[in-house]
Amino acid sequence: MTITVFVTGGAGYVGSHSAKAFANAGWNVVVYDNLSRGHRDLVKWGDLIEGDILDTDALTVALKRVKPDAVAHFAAFAYVAESMQQPEIYYRNNVRGTMSLLDAMVAAEVKQMVFSSSCATYGVSDELITEDTPQRPINPYGETKLICEKMIRDYGAAHGIRSVMLRYFNAGGCDPEGETGERHDPEPHVIPLAIKGAMDGTFTFNILGGDYDTPDGTCVRDYVHVSDLADAHWRALDYLNRGGETDVFNLGTGRGYSVMELADAVSRVAGKTVPRVIADRRPGDPPSLVASAAKAQRVLGWTPQRSDLDTILKTAWDWFQKETSRNL
Ligand SMILES: NC(=O)c1ccc[n+]([C@@H]2O[C@H](COP(=O)([O-])OP(=O)(O)OC[C@H]3O[C@@H](n4cnc5c(N)ncnc54)[C@H](O)[C@@H]3O)[C@@H](O)[C@H]2O)c1
């Protein structure tokens, strides 16, 4: 029997890569996205239903018609700095949106879900972060993801929805075949900004804070290739399809790089120096976030294949070269 996955946010960065992974597994994909931050041309592996997750009636109609085996829920706002300035849009879109989706799933009797959670739920931790590390978010974005995790568990217990919550660390890189990639406007993410520095001689890469308690004073992050994240999503759905119980997994590599090391690595991969300056810290940024993904390896059999920093940066570099020529 062919599995059908209903992908909220499938026109975005992680969602489109995951849609490709689902389709490659032979599954039917239906994307549900309001295109507020996604792109029609990145929906290539299934039909697009244009709709808002806040619209519970439209979602219910769509779910009853599609009758998916599972929902993969990516749709959200996901920028830390924006969440500090406009928490209301984060609580509305992420928390209310997820509640609306859960209500629609209950009405349409959809019983499995994979949820995009985040390392931002942990807050400050100077140790390797396991799933048991206390979750104490320090920005509204992380707070909304933590509330969603709790809501998904509570709805699940009451209504028989089994779920996997995947706490990604920093997604990076783009589809190695160049079929989809990262496109945000404005772009807040560190890898595209460092690449912009190497590509555009007039752009200076701002390193946000040089006085953190880290080896070189800049923030340390655990970068994981987006195609490896996509792979984890089909493994999570496969786990649920085989009867797996609700669970949570970190997705990272166990190795952190500072933003300064990242800028050096982009210079190396691009063969061009990234002009950079140390700017003020950004409120809401923890000094260091590095995952232990031992549990995902043990239970889901997930091992990152493309998450060495050079592969992440090379695939991103190739994508942004293509994007630049697309825009000329
Ligand atoms: N990119 C990362 O490093 C990262 C890390 C941890 C967690 N996450 C989570 O992964 C998910 C995907 O992130 P991304 O980087 O691909 O973001 P993205 O902005 O590229 O994609 C989000 C998609 O959701 C859609 N969307 C947003 N609100 C919607 C709504 N109300 N109704 C319908 N569609 C809506 C957008 O149009 C977009 O296509 C998010 O839930 C994010 O919190 C991302």
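Q: In this model, how far does a polar side-chain atom of Lys-145 lie from an oxygen atom of the ligand?

A: The model is a predicted one. In it, the separation between an oxygen atom of the ligand and a polar side-chain atom of Lys-145 is 2.7 Å. A pair of N or O atoms is read as a polar contact within 3.5 Å.

Q: Which residues offer a polar backbone atom to an oxygen atom of the ligand?

A: Arg-37 and Gly-38 are to be named here. The backbone of Arg-37 places a polar atom 2.9 Å from a ligand oxygen, and for a polar backbone atom of Gly-38 the distance to a ligand oxygen is 3.0 Å.

Q: Of the 28 residues around the ligand, which come nearest?

A: Those that come nearest are Asp-33, Asn-93, Tyr-141, Lys-145 and His-184. Lys-145 is thus on this list and also supplies the side-chain approach at 2.7 Å.

Q: Arg-37 has a side chain as well; with which residue does it meet in a salt bridge?

A: The partner is Glu-82, with an N to O distance of 2.8 Å. Because Arg-37 sits in the loop between β2 and β3 while Glu-82 belongs to helix α3, this pair ties together parts that are 45 residues apart in sequence. By the rule applied here, the count of salt bridges comes to 17.

Q: What is notable about the backbone at Leu-35, and where is Leu-35 found?

A: Leu-35 has a positive phi of about 60°, although it is not a glycine. The residue is found in the loop between β2 (28–33) and β3 (47–50).

Q: Is the peptide bond from Asp-185 to Pro-186 cis or trans?

A: One reads omega for this purpose: the bond from Asp-185 to Pro-186 has omega near 0° and is cis. Pro-186 has its place in the loop between β7 and α6 (190–199).

Q: How is the chain divided into domains?

A: The domain assignment gives domain 1 as 4–172 + 225–251 and domain 2 as 190–221 + 254–327. Their centres, taken over C-alpha atoms, are separated by 24 Å. To the contact, domain 1 brings 32 residues and domain 2 brings 29 residues.

Q: How much area do domain 1 and domain 2 bury between them?

A: The size of an interface is often expressed as the accessible area lost when the parts come together. For domain 1 and domain 2 this is about 2,500 Å², with 65% of it on carbon and sulfur atoms.

Q: What polar and charged pairs are found between domain 1 and domain 2?

A: Two salt bridges are counted between the domains. The rule also finds 14 residue pairs in polar contact across the interface. On the side of domain 1 that touches domain 2, two or more residues come from each of α3 (80–85), β7 (170–172), α7 (226–241) and β11 (247–251). Helix α7 gives the most, with seven residues. By class, this side of domain 1 has 17 nonpolar, nine polar and six charged residues.

Q: Which residue forms a salt bridge with Asp-228?

A: Arg-306 does so, and the closest N and O atoms of the pair are 2.9 Å apart.

Key. Residues are numbered from 1 along each chain as its sequence is written. This is a predicted model: local features need pLDDT of at least 70, side-chain atom pairs count only at pLDDT 80 or more; totals for chains, interfaces and linings use all residues. Side-chain values use heavy atoms; hydrogens and water are left out. Domain bounds come from an automatic or database domain assignment. Contact means heavy atoms within 4.5 Å. Buried area is the accessible area (1.4 Å probe) that two parts lose on being put together, summed over both. A salt bridge is a side-chain nitrogen of Lys or Arg within 4 Å of a carboxyl oxygen of Asp or Glu. A polar contact is a pair of N or O atoms within 3.5 Å; within protein, one must be able to donate a hydrogen and the other to accept it, and residues adjacent in sequence count only if both atoms are side-chain atoms. Helices (H or I, at least four residues) and strands (E, at least two) are DSSP runs, numbered from the N terminus. Ala, Val, Leu, Ile, Met, Phe, Trp, Tyr, Cys and Pro count as nonpolar, Asp, Glu, Lys and Arg as charged, and the others, Gly among them, as polar. A residue is near a molecule or strand if one of its heavy atoms lies within 4 Å of it.
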